[in-house]
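Dear colleague,

I am handing over the structure we talked about, and below it I have set down what was found in it. Please keep it open beside this message while you read.

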Amino acid sequence: MAKAQEQLMSNEIEVLIPGKIVISGEYAVLDGAHAIVSALNQRVKIKIKKSDKQHNIFLTSALDSMFPFIIDDDFNVVWLDSDPGVFGLLLQYAINIMKTKFKENFCIDVNSSEFFQTTQDGRVHKLGIGSSAAVSVGITQALTQYYGISTPPEHLLKQAGSIHEKLQGKQGSGIDVTCSFVDQGVIECTKDSVKKHTWSILNWPNGLYLKVLTTNQGAPTRRLVANYQNARSGHPNEFKVVLDQFLEITKSLSIAWRSEDIDLIIDLLSRYDGHIKKIDKIGNIGIYTQLHSDLQNIASGHNIFYKPSGAGGGDIGLAFSTSLGALNDFLKEISKAGWNIGSLD
């Protein structure tokens, strides 16, 4: 469970849930690949306190308004005034899935501002670092803590996963929800180990440096996952050959990570990247945008490995190196290109 949480006072609860990056295993985790996922410093903050009104109240950092609501007998959220739209969906799903009769009215405040970044030209961009997974985990934990509901951790994780699945249309593997829930840095898991609660907590290899880049280009995750699945069904023979090799690489990568063999890790990530590109080409998925390709070309000139993270498609990129100086030189070069590339701490 997320460790960074505290009871602020007897009638108020706050939980802090991290975002995530996928280091390896994206897409193919749906077919049994080992995934390595890391929690980030960026966190969603969720507060719950007693409402002094005759109704519940929902607040979100995404909208400058207050949204009163009640919960009907079928555990559906009924908005009494304006509807927060997509920003209220996870709360609606949580109430419906948890099916708990709450003792008193409450005010819930979801602050996900750390999952957004303002570009140099003033545009606000949502980062692809798992905000919906973090909010799914946070709402279940906050409500459970606030009302003193005794729930086993595995059931809490299942609830959070169900909430997130409902939002994503049941396309995901659950690794993002699990990473946010565990909140222990780097974890290794498969789709099956998530269900069985048998993931592993890993150390960050000594001497391996990482910069998380933000491209400020949105990634249509659901469409990209659908493209991956279409590639599997539309080109079964060609796809299977590449996938089988890909699965072996993810296993080897997990072993190398455990042994903290940083040279082998980067070598395997490069081989991994080659197979991601093959799968991308088979199904015309859209994982590698031109910007990702350009960034990878510049990175190679600094002896740095670069890859898209997660669904790819323009959102988050990861730059790995055994030299912190090389990473800083890489960042200086791309800052001169005028691409509006940012980075995360």
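Which residues form a nonpolar patch on the surface? They are Ile70, Val78 and Leu80, and together they have about 210 Å² of accessible area. Please bear in mind throughout that this is a predicted model, and that the values below were computed from it.

To begin with one member of that patch, Ile70 belongs to strand E5, which covers residues 66-71. Its relative accessibility is 35%, and because partly exposed residues are those between 20% and 50%, Ile70 counts as partly exposed.

Ile70 also turns up in the surroundings of another residue, Asn56, which is found in strand E4 (residues 56-60). Is Asn56 buried or exposed? With a relative accessible area of 4%, Asn56 is buried, since buried means under 20%. If we leave aside the neighbours within four places in sequence, Asn56 is in contact with Phe67, Pro68, Phe69, Ile70 and Ile71, and also with Glu104, Asn105 and Phe106. As for Asp74, this residue is 18 residues away from Asn56 in sequence, and the two are 16 Å apart in space, taken from C-alpha to C-alpha.

Next comes a helix, H2, which runs over residues 131-146 and so has 16 residues. From its first C-alpha to its last, H2 reaches 22 Å, which is close to the 22 Å expected at 1.5 Å a residue. Because 15 of its 16 residues are buried, H2 is largely enclosed by the rest of the structure. After H2 comes Gly148, whose phi is positive, near 65 degrees.

Finally, here is the protein chain as a whole, which has ten helices and 15 strands. Its C-alpha trace spans about 60 × 45 × 40 Å along the principal axes. A compact globule with 345 residues would have a radius of gyration near 20 Å, and the 21 Å found for the protein chain agrees with this. Buried residues make up 52% of the 345 residues, while the accessible surface of the protein chain comes to about 15500 Å², with 47% of it belonging to carbon and sulfur atoms. If we consider the contacts between residues at least 6 apart in sequence, 69% of them join residues that are at least 24 apart.

With best wishes

Key:
Residues numbered from 1 in each chain as written. Predicted model: local features only at pLDDT ≥ 70, side-chain atom pairs only at ≥ 80, totals over all residues. Heavy atoms only, no water. Patch = residues over 30% accessible without salt bridge, like charges linked within 9 Å, V, L, I, M, F, W, Y side chains within 5 Å. Areas by Shrake-Rupley, 256 points an atom, 1.4 Å probe, with all protein chains shown as cover. Salt bridge = Lys/Arg side-chain N within 4 Å of Asp/Glu carboxyl O. Helix = DSSP H or I, 4+ residues; strand = E, 2+ residues; numbered from the N terminus. Buried < 20%, exposed > 50% of the residue type's maximum accessible area, 1.4 Å probe, protein only. Rg over C-alpha atoms; globule rule 2.2 N^0.38 Å. Contact = heavy atoms within 4.5 Å. Expected span 1.5 Å × (residues − 1).
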